[in-house]
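Biologist: Please take one part of this model and go through it slowly, from its overall layout down to single residues. I would like the cut-offs behind each term as you go.

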Amino acid sequence: MRQPLHSEPPERNERGSFRGEVHTTPWSWYRDPAVLEREEEAIFGRSWQYVGVLGDHNVMPGSAGRVPVVAVRDDEGAERAFVNVCRHRGSVVVEEAGRRKALQCPYHAWTYGLDGSLRSAPRGEELGARSDLELVEIRLAAWGPFRFVNLDGKAPPLEEVIGEVPAMLAEGGIDVDGLAFHHRVDWEVPANWKIATENFLECYHCAVAHPGFSAVVETSPDSYRLESRPWHLSQFGQLKDPTGAPLPEGQFHLIWPNTGINVFPGRPNLSIGPILPLGPERTRRVLDYFFAPSEDEAWVAEFLEFDDQVGREDARLVESVQRGAGSGVLPEGVLLPESEQLVADFQYRVREALS
Ligand code: FES
Ligand SMILES: [Fe+2]
């Protein structure tokens, strides 16, 4: 089979688009369990993974790919993160966010301190002193209210990975520290995580698949901007009628490899969350929504209805690509060098990571 991309970074013109015809990564990668195993090691095991906010809660479970993790804040305000797997027989320790003084495994009630140390094990009093039975600590980093973890001690710092995103958001009128957490949505789509991610990275489908969104946001290639940075892929779309809108431009960022950030144009709003593989053909999506603290709930409800409509439209698209591309009948597809340059960029990075 022909190689979809060259082993060198694809050549770009001054508008950032790729030269020549660009082929997709092999479609077998959307269904092969062996590819997901390599991705877990080479991509999810080495990158910053969004977990959530430690606001009213001091314990927040999450996932780094398929690895359960938990972020914790102790009484002194110190924050840590751990692999969320019990050292006894391997149960997930924390399933729900909450306010806790300790982390107790639901299986046999081994109890860990907020520093990860094993405090007590029923009928196994002598085990409490063993440092080799502590929860395994991993890196935790904060950006505003958002907490990320990384299983790789050698990965570049979060600050480098989020790169220009904070400045881009600030320029667009979003102060992440000034927003209030509103709610979380958590759902699944029957598609490979890369199909969901690639769908996020282009608005070529917007005019066809998102009539409501395209009615209010400029999605023509002349005004919809795509920007590629070392660790994030960013898109910008303007309101067709920006009169009186505090946020005339929307922004959609993918922080490598799987954190999506959405800011729709209009009034201050932001949603952020991971695109998590559950299996080769199943993906979990989590989004935390933030609005201005005093935002009108009627407006929020209207906004969420709009957002949900776009989400339902996208879910149908990715599910369809899984059935088509994932059927194995054809080897690969082609990408438009300009409108799908971020998809090509993402696929190049996946290929590099797995090579
Ligand atoms: S598996 Fe956690 S206490 Fe037994
Ligand atoms: Fe979409």
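Modeller: What follows is a close look at the open sheet, with the helix, metal site and disulfide described alongside it.

This is a predicted model, in which local features need pLDDT of at least 70 and side-chain atom pairs count only at pLDDT 80 or more, while totals for chains, interfaces and linings use all residues. Residues are numbered from 1 along each chain as its sequence is written, chains are lettered from A and ligands numbered from 1 in the order in which they are written, and side-chain values use heavy atoms, with hydrogens and water left out.

The sheet is open and antiparallel, and its seven strands follow one another in the order β11-β17-β16-β15-β14-β13-β12. At its edges stand β11 (180-189) and β12 (225-228), and because each has a single partner strand, one side of each is left without a neighbour in the sheet. From one strand to the next the twist averages 15°. Strands here are DSSP runs of E with at least two residues, helices are runs of H or I with at least four, and both are numbered from the N terminus; two strands pair if DSSP finds at least two bridges between them. Strands of a sheet pair through backbone hydrogen bonds, either parallel or antiparallel.

Starting from the β12 edge, this strand pairs with β13 (residues 232-238) over four bridges in the antiparallel sense, and within that pairing Arg 225 faces Phe 236 of β13. On to the next strand, β13 and β14 are joined by seven antiparallel bridges, where Ser 234 stands opposite His 253 in β14. Between β14 and β15 there are five bridges, again antiparallel, with Gln 251 having Val 263 of β15 as its bridge partner. A hairpin of three residues leads from β14 to β15. Pro 257 sits in the loop between β14 (249-255) and β15 (259-263), and the peptide bond that joins Trp 256 to Pro 257 is cis, with omega about 0°.

Strand β14 deserves a longer look: seven of its seven residues are buried, so the strand is largely enclosed by the rest of the structure. Buried means under 20% relative accessible area, exposed over 50%, and partly exposed in between, with a 1.4 Å probe and protein chains only. In a regular strand the side chains alternate between the two faces of the sheet. In β14, one side carries Glu 249, Gln 251, His 253 and Ile 255, the other carries Gly 250, Phe 252 and Leu 254, and both faces are covered.

Towards the other edge, helix α7 (residues 297-324) lies across β11, β16 (269-279) and β17 (282-291), in contact terms that require heavy atoms within 4.5 Å. Relative to β17 the helix runs at about 160°, where axes are lines fitted to C-alpha atoms, for helices over the stretch in contact, and angles run from 0 to 180 degrees between N-to-C directions. Elsewhere, Ser 63 in strand β3 (residues 59-64) touches Gln 49, Val 69, Leu 276 and Arg 284, leaving aside residues up to four places away in sequence. With a relative accessible area of 16%, Ser 63 is buried.

Helix α7 also supplies part of the metal site. The iron ion (ligand 2) has as protein donors the NE2 atoms of His 205 and His 210 and two OD atoms of Asp 314, at 2.0 to 2.7 Å; donors are N, O and S atoms within 2.8 Å of the metal (3.2 Å for Na, K and Ca), and water is not among the atoms, so sites may look incomplete. The spacing of the donor residues in sequence is H-x4-H-x103-D. His 210, in the loop between α5 (206-209) and α6 (211-216), and Asp 314, in helix α7, are 104 residues apart, so this pair links distant parts of the chain. Both His 210 and Asp 314 are buried. The four donor atoms subtend angles of 54 to 155° at the iron ion, which makes the arrangement irregular.

The structure as a whole has one disulfide, a disulfide being a pair of cysteine sulfur atoms within 2.5 Å. Cys 203 and Cys 206 form it, with their sulfur atoms 1.9 Å apart, and both cysteines are buried. The torsion about their S-S bond is about -110°, so the disulfide is left-handed.

Technical notes:
Four donors count as tetrahedral if all angles lie between 85 and 135 degrees; four count as square planar and six as octahedral if opposite donors are over 155 degrees apart and all others between 65 and 115; anything else is irregular.
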